[in-house]
Each structure stands twice: as structure tokens, then as C-alpha cells.
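Visitor: Could you choose one part of this model and take me through it closely, setting it first against the protein as a whole? I would like to follow the reasoning from the overall fold down to single residues.

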Amino acid sequence: MHTQQPDTKLRGPAVWALILTGVASFMAALDNLVVTTALPAIREDLGGKLEDLEWTVNAYTLTFAVLLMFGAALGDRFGRRRLFVVGLSVFTGASAAAALSPGIDALIAARAVQGVGAAIMMPLTLTLLTAAVPAARRGMALGIYGAVTGLAVASGPLIGGSLTEHISWQWIFWLNVPTGLALIPLARLRLTESTAPGARLDIPGTLLISGGLFGIVYALVNANSEGWTSAPVLTGLIVGGALVGGFVHHGLNSANPMLPMRLFRDRGFLGINLASLLMFLGMFGSIFLLSQFLQGVAGYSPTEAGLRMLPWTGMPMIVAPLAGILSDRIGGRPVVAAGLAFQALGLGWFAAILSADVSYAAQLPPLILSGIGMALYFAPAANVLMSTVRPADQGRASGANNALRELGGALGVAVLASVFSAQGGYESPTAFTDGTVPALWIGAGAVALAAALALLVPGRGKAARAAADSRITPVPEKVPAAS
């Protein structure tokens, strides 16, 4: 036992992996949110209808969600570091193209390509980091990683609003370019190459899940503009659902599927993935409405609204590293379940107090409680996910979890916005509040159900055995030169 003690320290390769994957995930997560506060300025500069402006957000979400699992599979087959660099290069180039866009159509196309780069890059960040960090310190490292992701969530509206107000909307994209150009050579020099032994591309599985997710996400992002019963939305949901069903059947019966369905027989893997989907459904849908409430009802500017959301969205910067250390000591299940319960209570508290004239002081306690809940969930959830699968399956597990999170976020915005439209609207502060309150109750219910599902995760004993297995697993092979 004493001979393994040095492995509990974060040494050079692990530190570099944490820095590089953390900054890359910050860029990708930031671009999920940063555009929303710049939409009025983009419309004024480039023109376009409301649907065009929605697609500047949704084009990124769509390609990102659809291609996440394919990105993870490419990394497992051809080398995680190699594909991480490819994804980072595509993302950086597309950011420059977005900043240089002469019209709204060019901007939408650039945003779609950005999503492709992020889909290749993001699932590999978690795999590269997990492989580089000793199992005994993985919770702490993933806690810091979670804090960086939380910082992107917190600062997205704030950065977008500030750059748009004080410089120009193009700078929300130019910001990525020097960062990406600095990361690309560092990633080649400092990250260790690895593959999943025996990995092969699953073409039928790729086509089934990509087509299925495209149909579902396309339907969700169009549900509010087209209507839930419109032909495009119903077609997307039905055909997308059928293709996902085909993907599940393929995963059960194929010899080497992209995502083996056997992974879902592990109740920890099943529980943390379902909990992640519901968490993002409740959280993103609620943030979408509450950030508009602060601007449309409370009368704050985009920058001021972003600042006032910080007790919620900024809390992961403070609490997530502590949550990661705590999960190392007592196991991930109690920390994740407590975090989801706090988030659900915070959303329910918001729903109970919200009114057209509610003071910010009254909003502060549920903002803080929701922020603590988000932070307690983020880091241990990543650690729990990776502890439920073998190292050879970690790339696929990360891709599946990221895809479910994106699907949950898109579903949350679509469902909660539909409830908002049915019960209220933008006509007056009272109408906005009338629509927001029932939507928040649904968001709180979804996260409360996620807290219950988190209890499916195995206790500390099984997690510790999984961590021990991963410690003695040989380092993955280098990518063969012939591939």
C-alpha cells in the first residue's frame, strides 16, 4: 500500500491535463450561453427574423448534441489527443469565421461548425483528464474541472453582455481564437496519447444515434416557434425516437456497438445518466426564464442581470472543488443526491416567492441554495460516471453522458418555455410572472426526481473497488502508426 502513496499527488502530466481540458471545456460551455445576450446587437447589425436569431443559438446546440457520441468514438479509435486537437482546431477556426460573418446565414453556418468542433473536443476532455489523474485524486481534479465549467455557465451572460455593450458582438467569438491557438501546440506537447484497445468505428450505430438525436433536438428547438403538434416537430420526435430505439436494439445485439447497452445494466451508470438528463432539463430551462425575468421584469441590463445571477451560476467556482474532495472521502452518491435536492429546493423556493415586484434580497437565498446544489452535483457526478465503467469504456460513457445532458438542456428550454407560453407571456410583468411560476415548479420537480434517481448509484464500497480496478489497469496503448 505504501508504494502507491506517491500516485495520490497531482504531478506534471495530471496538472497539464487539468489545465488544458479545463480551458477547452470552458470555451465550449461558454459558447453554449454567450450568444444569448448579444442577440439584439446581432439583429441590429446583420438583420434577420426572430427564427434566424434563434438558430444562431440552436445551430451550435444541434450539431454539438448530435455529434458528441461520434466525437468520443473517433477519439477511442484514432487517438484521444489527436482528435482533441482536431476538434479544438475546428472550433477555433469556426470562431474566427463567426466573428467575420458578413450576414446572418454565414453566422448560423459558422455556429454549426463550432458545434462540430465542440462535439469532438468535449467528450475527450473528460477521458483525457480521467486517464491522467490518479484514481485517489480524481474527485479533486474533476471538482476543479467542474468549477471551470461552472465559471463558463456563470460568466456566459456576463461576458456576452459586457463585450457587446462595450466593444462589439464579434468579440464574443474573437475571444476563442487566441485561446485556441495557444492550446493546440500545448495539447500536442503535454497530453498523453491513448486509444480504447480494440476500438472500431460503428457506422450503423453512428448513423442511428446521429439521425435520432438530430430528429429529437431539431423538434425540441423548433417546438415553440412551430408548435408541438406541427408536422415538422411531430415528424422529428417520431422518426428521431424510432432511430434512437434502433440504436438501443443495435447496442443490445451488435458485437462491437458504439455504446454497449450492457453499461446501463450497472445501476450507477443508469442512475447518474438519468439524473444528469433531468438535472439539465430543470436547470437550463429555469436559467433561461429567470435570466429573462431579471431583464424583462426587474429591468436590469444584460450585464447587471448576469451579475445578479452569480450567486447561483458562480457558486461552482467556490464549492465544486470542495465537493470533489468530499466525494473522494465519503463517496459520490450522498454528495450528488444532496446537490440535486438543494437545486430542487432552490427552484421550488423561487416558484413560491416570484412576483412582478419581488425584491432581489428575497431572491438571494434561493439563488445561493441553487448554486450550492449545482456545485455539489457537477464534480462528483463526473467522478461517479467514470467510476462505473472500465477505462476502455470511458470515452463512450463520457460521450453518452454529454449527449444526454445536451438533450436535457434542449428539452428543458423547450418544455419550460411551452409552459410559460401557455400560462403567461411577454405582454406585461404580471403575465411574465404568471408563465414563469408553473414552469419553475416543473423544473423543480424534474430535479427532485433526479435526486431520487441518484440514489441508484452504488455506495462507497463498490465505487472504491472500481477505483482500485482502474488503478491497476495498464496505461492504454499508443495509437498504432498503421491507423
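Guide: Two residues count as being in contact when heavy atoms of theirs lie within 4.5 Å of each other. With that in mind, and remembering that this is a predicted model, consider the contacts in the protein between residues at least 6 apart in sequence: 84% of them join residues at least 24 apart. The secondary structure consists of 19 helices and zero strands, and of the 483 residues, 56% count as buried.

The part I would single out is the packing of helix 11, residues 267-296, against helix 18, residues 429-454, whose axes lie 8 Å apart and meet at an angle of about 160 degrees. Because angles over 145 degrees fall in that class, helix 11 is roughly antiparallel to helix 18. The crossing of helix 11 and helix 18 is left-handed, and the residues that make up their contact comprise 18 nonpolar and seven polar ones, with no charged residue among them.

Helix 11 also matters for the account of the interior, since the largest nonpolar core, with 107 residues, has F84, M283, W312 and L340 as the residues with the most contacts inside it, and helix 11 supplies the largest share of this core, 15 residues. Setting aside residues up to four places away in sequence, L340 touches A275, M279, G373, Y377, V447, A450, A451 and A454. Another core, of 21 residues, lies apart from the largest one and includes A29, L30, V35 and L163.

Two further residues deserve a closer look, and the first of these is T433, which belongs to helix 18. The relative accessible area of T433 is 6%, and as buried means under 20%, T433 is buried. Leaving out neighbours within four places in sequence, T433 is in contact with F293, L354, S355 and A356.

The second is Q363, found in helix 16, which spans residues 360-387. Q363 has a relative accessibility of 4% and therefore counts as buried. Its contacts, again without neighbours within four places in sequence, are F293, L294, F350, I353 and V358. F293 thus appears in the contacts of Q363 and also in those of T433, and F293 itself falls within the residues 267-296 of helix 11.

Technical notes: Residues numbered from 1 in each chain as written. Predicted model: local features only at pLDDT ≥ 70, side-chain atom pairs only at ≥ 80, totals over all residues. Heavy atoms only, no water. Axes fitted to C-alpha atoms, helices over the stretch in contact; angles between N-to-C directions. Helix = DSSP H or I, 4+ residues; strand = E, 2+ residues; numbered from the N terminus. Parallel < 35°, antiparallel > 145°, perpendicular 65-115°, else oblique. Left-handed = near helix turned anticlockwise from the far one by under 90°. Nonpolar A, V, L, I, M, F, W, Y, C, P; charged D, E, K, R; others polar. Buried < 20%, exposed > 50% of the residue type's maximum accessible area, 1.4 Å probe, protein only. Core = buried A, V, L, I, M, F, W, Y, C linked by side-chain atoms within 4.5 Å.
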